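Let's walk through this chain together, starting from how its helices pack and ending with a couple of unusual backbone angles. Please keep the viewer open as you read.

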Amino acid sequence: MYTKDEFKQRFRAMDTEELILNASRPLTDEAMEATKEILAERGYTGDAAREKTKEVIRAHLQGSGVTRNCDYCGATLHGAVPAQGQKFCSHRCRTQSALAVIALDFAPETIAEHARQLRNGRCPRCQRQGEVVEVRSIRRMVSVVILSVEDRYDLCCCRGCYEKELRSALIVSGLLGWWSFKGLFANIGVVMDGLESLRRRDAPDPSPALIAHASLDLAQKSLAQTPA
Ligand SMILES: [Zn+2]
Ligand SMILES: [Zn+2]
């Protein structure tokens, strides 16, 4: 574990764009503080820091990488969905990327409040009320001789729906994950991870994944309200 000063030393080598993109994923508190202090050293505090962050992330969301990867989720592309100079693995990623640009304009407090509402609201899958709705992830592996395919995806639903899906993913990996050289080694991680997720309780506050989901949901709703 690095201290804040160690983070600052490492982060000073980054240019401002790199520094901001680095902080757009979950970081430890020390790393976040170090990022803020370096931005302040470079003259970005308060509103200026917020504007700069929006600018960098917007450019990143609207730009296209040189690699053959989806510009939104980073998945390797097989058949790309092109859109205005960008490329995406799916229509879903193309839509999410556009929504993420809109979501940059919402205040963090508005997004956090919406995340809390979603968390205490109806499950989008089974429509039941009263269980914590969260975004939780599932991993599943299927191996056949030389091929092994690992799926990873997120679900936004109640605990009950999540556990049902997780159990079926565990059964699939448990039965079909082992039958290749890679599967023999990698599937144990997938299965252990699944068992661990079954045991893990939800944190008391909305997860970063739920907050991201809430920001896209707000963007979607604001689009629906804007007359075309
Ligand atoms: Zn994608
Ligand atoms: Zn449910």
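Two residues are in contact here if their C-beta atoms, placed from the backbone, lie within 7 Å. Helices (H or I, at least four residues) and strands (E, at least two) are DSSP runs, numbered from the N terminus. With those two terms in hand, look at α6 and α9: I111, A112, H114, A115, L118 and R119 in α6 meet L210, I211, A214, S215, D217 and L218 in α9.

A word on provenance: this is a predicted model, in which local features need pLDDT of at least 70 and side-chain atom pairs count only at pLDDT 80 or more, while totals for chains, interfaces and linings use all residues. Residues are numbered from 1 along each chain as its sequence is written, and chains are lettered from A and ligands numbered from 1 in the order in which they are written.

**Overall layout**

The chain has nine helices and four strands, in the order α-α-α-α-β-β-α-α-β-β-α-α-α from the N terminus. Its C-alpha atoms fill a box of roughly 55 × 40 × 40 Å along the principal axes. The domain assignment, which is automatic or from a database, gives domain 1 (1-62) and domain 2 (107-206). Taken over C-alpha atoms, the centres of domain 1 and domain 2 are 30 Å apart. Among contacts between residues at least 6 apart in sequence, 62% join residues at least 24 apart.

**Helix pairs**

Two packed helices are described by the angle between their axes and the distance between the axes. Axes are lines fitted to C-alpha atoms, for helices over the stretch in contact, and angles run from 0 to 180 degrees between N-to-C directions.

| Helix pair | Angle | Axis distance |
|---|---|---|
| α4 (46-62) and α5 (91-103) | about 165° | 10 Å |
| α6 and α9 | about 100° | 8 Å |

The first angle makes α4 roughly antiparallel to α5 (over 145 degrees), and R58, L61 and Q62 of α4 touch S97, A100 and V101 of α5. The second makes α6 roughly perpendicular to α9 (65 to 115 degrees).

**Buried cores**

A residue is buried if 20 or more other C-beta atoms lie within 10 Å of its own, exposed if 12 or fewer, and partly exposed in between. Buried residues make up 24% of the 228 in the chain. A nonpolar core is a set of buried Ala, Val, Leu, Ile, Met, Phe, Trp, Tyr and Cys residues joined through C-beta atoms within 7 Å.

Which residues have the most contacts inside the largest nonpolar core? They are A115, L118, V133, C157, L210, A214 and L218, in a core of 17 residues. At least two core residues come from each of α6 (108-120), β3 (133-144), β4 (147-158), α7 (159-176) and α9 (208-225). Another core, of five residues, lies apart from it and includes C70, F88, C89 and C93. Back in α9, A214 is in contact with I111, H114, A115 and L118, leaving aside neighbours within four places in sequence.

**Two positive phi angles**

Q127 is not a glycine, yet its phi is positive, at about 70°. Q127 sits in the loop between α6 and β3 and counts as exposed because it has 8 C-beta neighbours inside 10 Å. V145, also not a glycine, has a positive phi near 50°. V145 lies in the loop between β3 and β4, and is exposed, with 9 other C-beta atoms within 10 Å.

Definitions and conventions: Angles under 35 degrees count as roughly parallel, over 145 as roughly antiparallel, 65 to 115 as roughly perpendicular and the rest as oblique.
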